[in-house]
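User: Could you take a close look at the open sheet in this model for me? I'd like to know how the strands are arranged and what surrounds them.

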Amino acid sequence: MIPELGHFALALAVALAFAQGVIGIFAPGLRDARAMRAAPALALSHFLAIGAAFLALIYAGVVSDFTVENVADFSSSMVPLIYRISGTWGNHDGSMVLWCFILSLCGATVASFGGNLPASLRARVVGVLGLVSGGFLLFTLTVSDPFTRLWPPPLDGAGVNPILQDPGLAFHPPVLYTGYVGFSVAFAFAIAALIEGRLDAAWGRWVRPWALLSWCFLTSGIALGSWWSYYTLGWGGYWFWDPVENAALLPWLSGTALLHCAIVVEKREALKAWTVLLAIATFSFSLSGTFLVRSGILNSVHEFAAAPDQGLFILVLLGITIGGSLVLFALRAPALAAAGIFAPISRESALVLNNIFLSSIAAVVFTGTLYPPFANLLFGIQLSVGAPFFNQTVLPLTAPLILAMAIGPLLPWKRAALRPALERIWLAFAVALVVLLVMTLKSNAITALGLAGGVWVILSALSDIAERARLFRGPASNSIGRLQALPRAAYGAAFGHIGFGVMVMGIAGMTLASQKVVVLQPGQTTQLGGYGWTLNDVHDAPGPNFSQRVADITVSDDGKPFLNLHPSRRFFTVQKVITNDAAIHTNGFQDLYAVFADEPAAGGAELRLNRHPLAPEIWFGGLIMAFGGLLSLSDRRLRVGAPARKAAKAQNATA
Amino acid sequence: MDTRRKLLFAAPFFAAVASGAGFYTILRRMQDEKYDPHALPSPLIGHKPPAFTLPGINNQAGFSNTDLLAPARPMLVNWFASWCVPCVEEAPMLGALAKSGLPIWGIAYQDTPGAVATYLQEYGNPFTRLANDASGLTAINWGFYGVPETYLIDRQGIVRWRWAGALDADVVAQNLTPLLNRYS
């Protein structure tokens, strides 16, 4: 009964979403005030309908209703409750419902909290979101229905993929999807602005919090996914340039560019068309990322299985959404004239530079990811593009980005001089240079460059804050007062940049990782990374839906034991799959990482031992970045809300 | 508004249309089973390796593509790295193949001579000759996927087979041995 109600709610949601879309987009043109008010109300009911469908699906998973095909295929009564819940979005059909649920949540949020928007703009934004949602709901309902019944039901489900039975992965998709889908709001604002034919500072101020919030989610989602692959897959790597990873990186890159560019629209009313294009591009990348992966075109390790007819349906949807918005862009955007002009050396130019580098990186990643299928199509050759290509092309583009991102925030708007800005960060430059020289001698140039770049970005962000507060240049009380008076957006930007610097240092540190594979008999010791690793014994241990063999390892420094690690091999009885559960010990600045790879017939344990200097900083940096974004979101000027359009106009006139 | 500006703003649309058409064709070809994105055949199969000259390690001579033109018997080229875990796993298999008389030439990928020497000391050296691709550029020309990777080269110097990943007993028995019999 409940699954039928869910199915019905899904069908209702399709109708409500299309109504929301059509009314929202056309009501403002007809100057029908009642219809314009109807769009937000429809957005709320559309959200409730999908919410009901989503809950029904989760309910079927929780009570292990194996008459629902989706539950029978991807869940099992032996799986712990949390994975029965997360299992609902661990497969193609269920993840579509989650995706649509988040999209409708975005629409409902704009509808509820968009009270300060002009009624016509709000109706149009909500309308665009409704149309997009309607398309994907129709797809879910017709060709990937998660509520399909199965009769007779199997005695037990096929179970959740053991690799996915992990807290990191239970929360990775919702966070990542919120990031992806959140950019739909910036997209809807861009489309609404193109329809209205006007885009001003107030628009920039409305869009930015949405872009920022989605960016925070996307950043955390990517960091979470990377962390998960690091600690569960047991490969000891954190980024593999897999198409799915690239698919998440692309919207992150263009979304980061969008964040920076929206500031220019907000403060200076310049770069309008480019900002609109970035908003369209970011959401288009999000869509293509989520869906091309499902079409099977890209060769990836973590794709969902989906039939090619689903692929065609998706392609048509993408074509309408992306193609339609780009047609609108081609017709309307040339009329968006820039109001502010700026000199070659200014904050605006620095942000343009940031955009150029980020877009170039995005272009390289895009080309590398799509080159194999297109090369096959155009030239009839089979090839693969892997990590060597990406490492060699992305690095040279990231280096100047790092160099510039430290200087940009120091430049004033409109017209600036480079020298005073550089004088403020001479200390950061000097320290980075020392790090570069010392580390080049001690390790290698690439590692040294990464570490120095990280130090450079972190220290210049800190010295910028210190300079603004006039720290060490007068009475301390004065400085503290200034620190308190600084807008939160300034701290947010500083944390965002510091987080990036920390992440770069983590990545650079990982190049110094040491690892080895050894077979140890109980009692034997091996040396790695300056520590002695002793295998004490191998024993059995019970688990909820798996049995496991655990290796007991003691790590000692100079003969003094300081750590016990317990990597295990888990045997999942339902799926007959073995996973290696890595044991990782971190002290915040390095990881000691042990994997129990195999039990050789001759006895003992085959272990993979790793020492990863600075590895935690990769994810820690991602979290700091997301924190910076949230800090910036809580800034007064966004919290209080954008002033009405007229007020903004008046301000510009007097400025 | 001048035409150039209009064209510029329409460019994203045309780019999207072109890629959309591309994706459509690819999807159709996948349905007709003319294209399999999961197949990972090397572009080198049926061809000679692209031109390269790589230095050796620790004052030994390296080798170049001309050395691979006409081997006396079929041989393997194995890409490895001291930092690569699956390479360690396949080391015993490479050792066994070398012992059986199959020449294996090794190319160290993005590695330092010191680390390679330690690695070979620890896990055995199955290689007849050894070269070092420190920059990784030759690897890109080979259509390299990731270490370890093994190529079979026949007596005419033509690449007949590529295996991305560690060689184990199954792969050797099912894939390599029949090919060795055919080309020797």
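Analyst: Happy to help; here is the sheet, with the chain around it and the neighbouring chain after that.

A word on the basis: this is a predicted model, in which local features need pLDDT of at least 70 and side-chain atom pairs count only at pLDDT 80 or more, while totals for chains, interfaces and linings use all residues. Residues are numbered from 1 along each chain as its sequence is written, and chains are lettered from A and ligands numbered from 1 in the order in which they are written.

The sheet is in chain B, which has 5 helices and 7 strands (DSSP runs numbered from the N terminus, helices being H or I of at least four residues and strands E of at least two). Along the sequence these follow α-β-β-β-α-β-α-β-α-β-β-α.

The open sheet holds 5 strands in the order S5-S4-S3-S6-S7 of chain B, with mixed pairing; two strands pair if DSSP finds at least two bridges between them. Strand S5 (129-133) and strand S7 (159-164) of chain B are the edges, and each has a single partner strand, so one side of each lacks a neighbour in the sheet. On average, neighbouring strands are turned by 20° against each other, direction ignored (axes are lines fitted to C-alpha atoms, for helices over the stretch in contact, and angles run from 0 to 180 degrees between N-to-C directions).

At the S5 edge, strand S4 (residues 104-109) of chain B runs parallel to S5(B), joined to it by 5 bridges. B:Ala108 has B:Asn132 in S5(B) as its bridge partner. Helix H5 (residues 169-183) of chain B packs on the sheet, where it touches strand S6 (149-153) and S7 of chain B, and its direction makes about 170° with that of S7(B). Contact here calls for C-beta atoms, placed from the backbone, within 7 Å.

Stepping back, 75% of the contacts in chain B with a separation of 6 or more are between residues 24 or more positions apart. The C-alpha trace of chain B spans about 70 × 40 × 30 Å along its principal axes.

Finally, the neighbouring chain: 36 residues of chain B are in contact with 35 residues of chain A. On the chain B side, helix H1 (3-31), helix H2 (85-99) and helix H4 (137-141) are the elements that each give two or more residues. H1(B) supplies the largest share, 17 residues.

Conventions: Two residues are in contact if their C-beta atoms, placed from the backbone, lie within 7 Å.
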